[in-house]
Amino acid sequence: QVQLVESGGGLVQAGGFLRLSCAASGRAFSVFAMGWFRRTPGKDREFVAGVSRSGGRTSYADSVKGRFIISRDNAKNAVYLQLNDLKPEDTAVYSCAAKSTLFSADIYVSPVEYTYWGPGTQVTVSS
């Protein structure tokens with residue numbers, strides 16, 4: 001079991017930035033590949049970014065590539081998502097997710113791959 005809690009969301013103007021954090025507790029954090037997803041009303045959950053167990057590999061959705069940065073600190077049991085140059089279409093509830101894996105380099109982009117989810121944090125970008 002692992003518990004995930006996000007923080008750092010809020011209201012920001014277009015062009016602004018936020019840093020989301022996801023704190024994990026429970027099992028050893030380093031066995032988990034981590035991902036960030038977002039959801040808006042009426043839409044399916046969307047992959048935003050993923051990071052491998054070691055943090056050595058990352059992956060991004062095309063819509064956020066070059067603007068968002070995912071990172072992790074295994075010593076602090078945390079994963080982060082830096083959101084830069086925010087746009088109104090980035091408005092969503094952002095959730096972090098964890099998947100236990102034996103493969104240190106793997107990243108998972110489908111939400112069905114993940115076992116554990118945080119409750120999410122709201123990001124609202126005004127135009």
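The following legends describe an overview and several close-up views of one predicted model.

**Conventions.** In this predicted model, local features need pLDDT of at least 70 and side-chain atom pairs count only at pLDDT 80 or more, whereas totals for chains, interfaces and linings use all residues. Residues are numbered from 1 along each chain as its sequence is written, and side-chain values use heavy atoms, with hydrogens and water left out.

**View 1. The whole chain, with zero helices and 11 strands.** Helices (H or I, at least four residues) and strands (E, at least two) are DSSP runs numbered from the N terminus, and read along the sequence the pattern is β-β-β-β-β-β-β-β-β-β-β. The radius of gyration, taken over C-alpha atoms and compared with a globule rule of 2.2 Å times the number of residues to the power 0.38, is 13 Å, which agrees with the value near 14 Å for a compact globule of 127 residues. The C-alpha trace spans about 45 × 30 × 25 Å along its principal axes. Of the 127 residues, 42% count as buried, where buried means under 20% relative accessible area, exposed over 50%, and partly exposed in between (1.4 Å probe, protein chains only). Contact means heavy atoms within 4.5 Å; among contacts between residues at least 6 apart in sequence, 60% join residues at least 24 apart. The chain exposes about 6300 Å², of which carbon and sulfur atoms supply 51%, with accessible areas from the Shrake-Rupley method with a 1.4 Å probe, and with only the protein chains shown counting as cover for residues.

**View 2. The salt-bridge network that includes Arg 38, Glu 46, Arg 67 and Asp 90.** Side chains of opposite charge can pair when their charged atoms come close; a salt bridge is here a side-chain nitrogen of Lys or Arg within 4 Å of a carboxyl oxygen of Asp or Glu, and the whole structure holds four salt bridges. One of them joins Arg 38 to Asp 90, with the closest N and O atoms 2.9 Å apart. This pair links distant parts of the chain, 52 residues apart, since Arg 38 lies in strand E4 (residues 32-39) and Asp 90 in the loop between strand E8 (78-83) and strand E9 (92-100). Both Arg 38 and Asp 90 are buried. Asp 90 also forms a salt bridge with Arg 67, at 2.7 Å between the closest N and O atoms. Arg 67 lies in the loop between strand E6 (58-60) and strand E7 (68-73) and Asp 90 in the loop between E8 and E9, so this pair ties together parts that are 23 residues apart in sequence. Arg 67, like Asp 90, is buried.

**View 3. The salt bridge between Lys 65 and Asp 62.** The two side chains meet at 3.2 Å, N to O. Asp 62 is exposed, with a relative accessible area of 66%.

**View 4. Lys 99, a buried charged residue without a salt bridge.** Lys 99 is found in strand E9, and the nearest side chain of opposite charge, Glu 113, is 4.1 Å away. Leaving out residues up to four places away in sequence, Lys 99 touches Val 31, Phe 32, Ala 33, Tyr 108, Glu 113 and Tyr 114.

**View 5. The surroundings of Val 51 in strand E5 (residues 46-51).** At 1% relative accessibility, Val 51 counts as buried. Beyond its neighbours within four places in sequence, the contacts of Val 51 include Ala 33, Met 34, Ile 70, Val 79 and Ile 107. Val 51 and Ile 69 are 18 residues apart in sequence, and their C-alpha atoms are 10.0 Å apart in space.

**View 6. The surroundings of Leu 83 in strand E8.** Leu 83 counts as buried, at 0% relative accessibility. Although Leu 83 and Phe 68 are 15 residues apart in sequence, they are 4.6 Å apart in space, C-alpha to C-alpha. Not counting residues up to four places away in sequence, Leu 83 touches residues including Phe 17, Leu 20, Arg 67, Phe 68, Tyr 94 and Val 123.

**View 7. Positive phi at Asn 77 and Asp 85.** Most residues other than glycine have a negative phi. Asn 77, found in the loop between E7 and E8, has a positive phi of about 55° although it is not a glycine, and at 27% relative accessibility Asn 77 counts as partly exposed. Asp 85, in the loop between E8 and E9, has a positive phi of about 50° and is partly exposed, with a relative accessible area of 42%.

Methods. Lys, Arg positive; Asp, Glu negative; His and termini not counted.
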